[in-house]
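Trainee: Could you take me through one part of this model closely, and then tell me how far the rest can be trusted?

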Amino acid sequence: MPKTETTPGIEAATPRTRLRWWTELPLILLVYACYSAGRLLARGDTDGAVSHGLSILRIEKVLHINAEHPLNRLFTHEAWLGVPADFWYASLHYLVTPALLIWLFRSRAVHYRAARTWLMTSTFIGLIGFTLLPTCPPRLLSAGHGFVDTMAQYSSYGWWGGEASAPRGLGGMTNQYAAMPSLHVGWALWCGVMLWRYGRTPATKVAAVAYPLLTTIVVMGTANHYFLDAVAGAAVMGVGLVLTPYVMRGADRVRARISFGSGRSQVAGSSIVSAGCQTSAGERIPRQRESRIGSGAEPGASPTDAGEGAPAAAR
């Protein structure tokens, strides 16, 4: 019987779960479109977003975990750190994650579906966070709070303007208050887990640790996220990991019902048997008698019913 996985990262390689790139690509594009559109739902709530941002900043100061302040000052004063960090923030989020999805699909296909489901489930949870808790990032707070927008400061080095990582002139198409949770950190953590679990070289192990760690430093140093945004991004991925087996089983049940319904309609709509073969009233299907014996012929059946190998009775 076909196996169904019960834990993320383990998937049975059966024809029932075999995936094709021409079905996966539209699905991923659809999820990304939902992600981009969902980020816009919290636009316009500036007062609430600023209030949430200041609350997070106050909590961090009380707990002495406001590491974004010294990092932002460092990136602001040292261009050789700030400029690469801005490129990191503006591009790797959209390059590394798809590259790893393709790598898993091609080289670790047995684990791909669970990994993809984990990523998508967590992304949708993050969208809920953007909607319920619009948060002003540090770079958009008033100057008195001590943050500098490095994306704006070093905008002449890249394609972005002063509105997050969006290309110049397209800043109005993004929600700049979608800071909590940080999916930059969440997706980077997913990439790290994939590299650690399925990479085979020491270099992949190093990258598995370095990529999410450096991404966390970058999002704080560029003043795009608070430290607690990064913590929330990791928490979202944890919740998504727990929910992944249930999402996969739910998808399997829906697919099974659709397949069962379509199969039943095909049987009901067909008036012929034997895979499309139809016989006349006096025509006998070859080896028909063997099938009768095999399916439970009556004890009193004549020897001629034994099959082609038995002698025929004299007439």
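Mentor: A nonpolar patch and its setting

Val-239, Val-242, Leu-243, Tyr-246 and Val-247 together make a nonpolar surface patch of about 440 Å². Such a patch takes residues with over 30% relative accessible area and no salt bridge, joining nonpolar side chains (Val, Leu, Ile, Met, Phe, Trp, Tyr) within 5 Å and like charges within 9 Å; a salt bridge is a side-chain nitrogen of Lys or Arg within 4 Å of a carboxyl oxygen of Asp or Glu, and accessible areas come from the Shrake-Rupley method with a 1.4 Å probe, only the protein chains shown counting as cover for residues.

This is a predicted model, in which local features need pLDDT of at least 70 and side-chain atom pairs pLDDT 80 or more, while totals for chains, interfaces and linings use all residues. Residues are numbered from 1 along each chain as its sequence is written, and side-chain values use heavy atoms, leaving out hydrogens and water.

Val-247 lies in helix H9 (residues 227–268), helices being DSSP runs (H or I, at least four residues) numbered from the N terminus. Val-247 counts as partly exposed because its relative accessibility is 38%, where buried means under 20%, exposed over 50%, and partly exposed in between.

As for trust, the chain averages a pLDDT (the predictor's confidence in each residue, from 0 to 100) of 77, and 64% of the residues score at least 70. Among the elements of the chain, helix H8 (residues 202–221) has the highest mean pLDDT, 96, and helix H10 (residues 288–294) the lowest, 44.

Notes: Helix = DSSP H or I, 4+ residues; strand = E, 2+ residues; numbered from the N terminus. Buried < 20%, exposed > 50% of the residue type's maximum accessible area, 1.4 Å probe, protein only.
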